[in-house]
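Visitor: I would like to walk through this structure slowly, with a question at each stop. Could you guide me?

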Amino acid sequence: MSKSPIAEELEGFVLENVVSVEQLEILLLVSSGQDRVWTADAVARELRSSPRSAARWLEDLRSRRLVAVATEAGAYRYDPITDGLRALVESLRQLYGSRRVTVIDLIFDKSRMKLQIFADAFRIREDR
C-alpha cells in the first residue's frame, strides 16, 4: 500500500510519466482545451516559458502518447491513447489544483531519488 496521500494508480502515473513541474503544467494546459491545437510558441507564451523548452516537453508528451501531432506543422493536440490515461490526467488536474505542493513534492522526491542512485554508483566503498 502506498504511503503517499495520492491514490496509488495516480501516484504511479506521476512517477512513470511526469518528469518536471514544467512538463506537468504543459500537460495540464494542453489538456484544458481538448479541441485546441498547441504550438511550442503558444505554450511558451501561456506559461511564460521558452519555446525551445516547450517544444521539448510537447515532444516528450507525444512519446508518452498523451498528445498527438496535429495536422499543422509543429502543432500538437491533447489525445491520450486510452480513456484510462485521460481519466488519470483529469484526476491529476484536480489534485494539482487542490494539493499542488503534494504533487510537486512527489515529482521532486523522484528526482532526488534518481540523483541519489546516480551518486551512489560513484561512491567509493571500502570492502570489509
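Visitor: Which residues of α1 are exposed on the other side of that helix, away from its buried ones?

Guide: Please keep in mind that this is a predicted model, so every value here is computed from predicted atoms. The buried residues of α1 are Leu10, Glu11, Phe13, Val14 and Asn17, and, seen down the helix axis, they fall within an arc of 160°, so they line one face. On the other side of α1, the exposed residues are Glu8, Glu9 and Glu16.

Visitor: Why can buried residues that are not all adjacent in sequence share one side of a helix?

Guide: An α-helix has 3.6 residues a turn, so residues three or four places apart point the same way. In α1, the buried residues line one face of the helix because they fall within an arc of 160°.

Visitor: Which helix supplies the largest share of the largest nonpolar core?

Guide: This core has 34 residues, and those with the most contacts inside it are Phe13, Leu24, Ile26, Val43 and Leu92. At least two core residues come from each of α1, α2, α3, α4, β3, α5 and α6. The largest share, seven residues, comes from α2.

Visitor: Which residues does Leu24 touch, if we set aside those up to four places away in sequence?

Guide: Leu24 is among the residues with the most contacts inside the largest nonpolar core. Setting aside residues up to four places away in sequence, the residues that Leu24 touches are Val18, Leu92, Tyr96, Val103 and Ile107.

Visitor: Is Gln23 buried or exposed, and with which side chain does its own side chain make a polar contact?

Guide: Gln23 lies in helix α2, and because its relative accessibility is 1%, under the 20% cut-off, Gln23 counts as buried. Beyond four places in sequence, Gln23 touches Asn17, Val18, Trp57, Asp60, Leu61 and Arg64. One of these residues also takes part in a polar contact, in which the side chain of Gln23 is 2.6 Å from the side chain of Asp60.

Visitor: Over which ring does the charged end of Arg36 sit?

Guide: The structure holds zero aromatic pairs, but its rings can still be examined for charges placed over them. Arg56, for example, lies over the face of Trp57, at 4.4 Å from the ring centre. The charged end of Arg36, in turn, sits 3.7 Å from the centre of the ring of Trp38.

Visitor: How many Å separate the C-alpha atoms of Leu47 and Leu29?

Guide: Leu47 is placed in helix α3, and at 28% relative accessibility it counts as partly exposed. Apart from neighbours within four places in sequence, Leu47 is in contact with Glu25, Ile26 and Leu29. Although Leu47 and Leu29 are 18 residues apart along the chain, their C-alpha atoms are separated by 8.5 Å.

Visitor: Which residues does Glu46 touch, not counting those up to four places away?

Guide: Glu46 is also found in helix α3, and with a relative accessible area of 49% it is partly exposed. The residues that Glu46 touches beyond four places in sequence are Leu29 and Trp38.

Visitor: What is the approximate phi of Arg48?

Guide: Arg48 belongs to the loop between α3 and α4, and because its relative accessibility is 78%, over the 50% cut-off, Arg48 counts as exposed. Arg65, in the loop between α4 and β2, has a positive phi near 65°. Arg48, a residue other than glycine, likewise has a positive phi, near 55°.

Conventions:
Residues numbered from 1 in each chain as written. Predicted model: local features only at pLDDT ≥ 70, side-chain atom pairs only at ≥ 80, totals over all residues. Heavy atoms only, no water. Core = buried A, V, L, I, M, F, W, Y, C linked by side-chain atoms within 4.5 Å. Buried < 20%, exposed > 50% of the residue type's maximum accessible area, 1.4 Å probe, protein only. Helix = DSSP H or I, 4+ residues; strand = E, 2+ residues; numbered from the N terminus. Contact = heavy atoms within 4.5 Å. Polar contact = N/O pair within 3.5 Å; in protein donor to acceptor, adjacent residues only side chain to side chain. Phe/Tyr/Trp six-rings, centres within 6.5 Å; stacked < 30°, edge-to-face > 60°. Lys NZ or Arg CZ within 6 Å of the ring centre and 35° of its normal. Arc of directions from axis to C-beta.
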